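Look at the structure below and keep the sequence at hand. We will walk through a few sites, one at a time.

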Amino acid sequence: VGIITEGITTTPYAYEIIAGIQSVCDAQGCMLLISETDGSAKASLRAFNDFRRHRVSAILYATNYRKAISLPFGVSDTPCVLINCFESNVDRFPTVLPNDEQGAYLLTKALIGQGHRHIGFLTLSNNISATPLRNIGYQRAHVEEGLLVDKRYTQVGVIDQTDGRLIGGEFDALEERIHELLSLSPKPTSIMFGNDKMAMRAYML
């Protein structure tokens with residue numbers, strides 16, 4: 001079984017993804033082959049072709065954040081599963097996606113349940129498909145509790161490229177964003193962050 005990854009080796013949850021796949025492969029007596037492409041379309045195509053030459057039984061494709069991707073048309077003759085990504089306008093392969101809307105809804109609901117009424121939310125890029133879904137979940141929890149959705153409390157917390165890929169120094173403006181939130185009136189009593197890396201950086205400020 002071949003897994004093609006797009007930057008997940010640099011994410012906190014990479015181990016769980018690989019370990020989960022490895023455990024199933026071990027139980028089925030399969031060998032796991034891994035290729036990291038770092039988001040390069042040329043490297044992805046080369047990995048697909050290499051795996052197919054090795055006659056892998058299946059290919060898994062995993063990205064480091066929820067996103068639309070475009071796979072080579074020729075891969076459809078090999079069983080393929082997409083992880084954390086999806087093909088736009090086609091539905092060729094089984095797809096495993098996080099429920100970003102429900103996750104943000106439950107997190108916001110839990111904070112409201114603890115008495116917070118002004119919740120800051122520093123999101124990832126609006127170019128990432130997960131961000132608007134999380135915003136919907138955040139807003140839905142407020143509406144259900146009869147609370148005003150004040151857009152001032154939701155801000156993008158990263159600096160990124162126009163395609164949504166994070167760059168070095170993506171958190172350079174994080175301290176400024178936090179100060180902007182804390183200067184609001186009423187001041188937020190809690191802040192949600194777009195990912196673990198952003199939250200850890202905030203703890204270190």
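Contact here means heavy atoms within 4.5 Å. The model is predicted, and every value below is computed from it.

Start with Gln-155. Find strand S7, which covers residues 154-156; Gln-155 lies in that strand. Is Gln-155 buried or exposed? Its relative accessible area is 17%. The cut-off for buried is under 20%, so Gln-155 counts as buried. Now ask which residues touch it. Set aside its neighbours within four places in sequence. Gln-155 is then in contact with Phe-121, Leu-122 and Thr-123. Arg-177, Glu-180 and Leu-181 are also in contact with Gln-155.

Move on to Thr-95. This residue is found in strand S5, residues 95-96. Its relative accessibility is 34%. Buried ends at 20% and exposed begins over 50%, so Thr-95 is partly exposed. The side chain of Thr-95 reaches the backbone oxygen of Phe-93 at 3.2 Å. Further along the chain, Val-81 is 14 residues from Thr-95. Their C-alpha atoms are separated by 5.8 Å. Leaving aside neighbours within four places in sequence, Thr-95 is in contact with Leu-82, Cys-85 and Phe-86.

Cys-85 leads to the cysteines. How many disulfides does the structure hold? The count is zero. A disulfide is a covalent bond between the sulfur atoms of two cysteines. Here the test is a pair of cysteine sulfur atoms within 2.5 Å. Take Cys-80. The closest cysteine sulfur to that of Cys-80 belongs to Cys-85, 8.2 Å away. That is too far for a bond. Seen from the other side, Cys-85 is in no disulfide, and its nearest cysteine sulfur is that of Cys-80. Are these two cysteines buried or exposed? Cys-80 is buried, at 5% relative accessible area. Cys-85 is buried as well, at 0% relative accessibility.

Finish at the surface. Helix H6 spans residues 196-204, and Tyr-203 is found in it. Is Tyr-203 buried or exposed? Its relative accessibility is 68%. The exposed class begins over 50%, so Tyr-203 counts as exposed. Which residues join Tyr-203 in a nonpolar patch on the surface? They are Met-200 and Met-204. Together, Met-200, Tyr-203 and Met-204 have about 430 Å² of accessible area.

Terms used: Residues numbered from 1 in each chain as written. Predicted model: local features only at pLDDT ≥ 70, side-chain atom pairs only at ≥ 80, totals over all residues. Heavy atoms only, no water. Helix = DSSP H or I, 4+ residues; strand = E, 2+ residues; numbered from the N terminus. Buried < 20%, exposed > 50% of the residue type's maximum accessible area, 1.4 Å probe, protein only. Polar contact = N/O pair within 3.5 Å; in protein donor to acceptor, adjacent residues only side chain to side chain. Patch = residues over 30% accessible without salt bridge, like charges linked within 9 Å, V, L, I, M, F, W, Y side chains within 5 Å. Areas by Shrake-Rupley, 256 points an atom, 1.4 Å probe, with all protein chains shown as cover. Salt bridge = Lys/Arg side-chain N within 4 Å of Asp/Glu carboxyl O.
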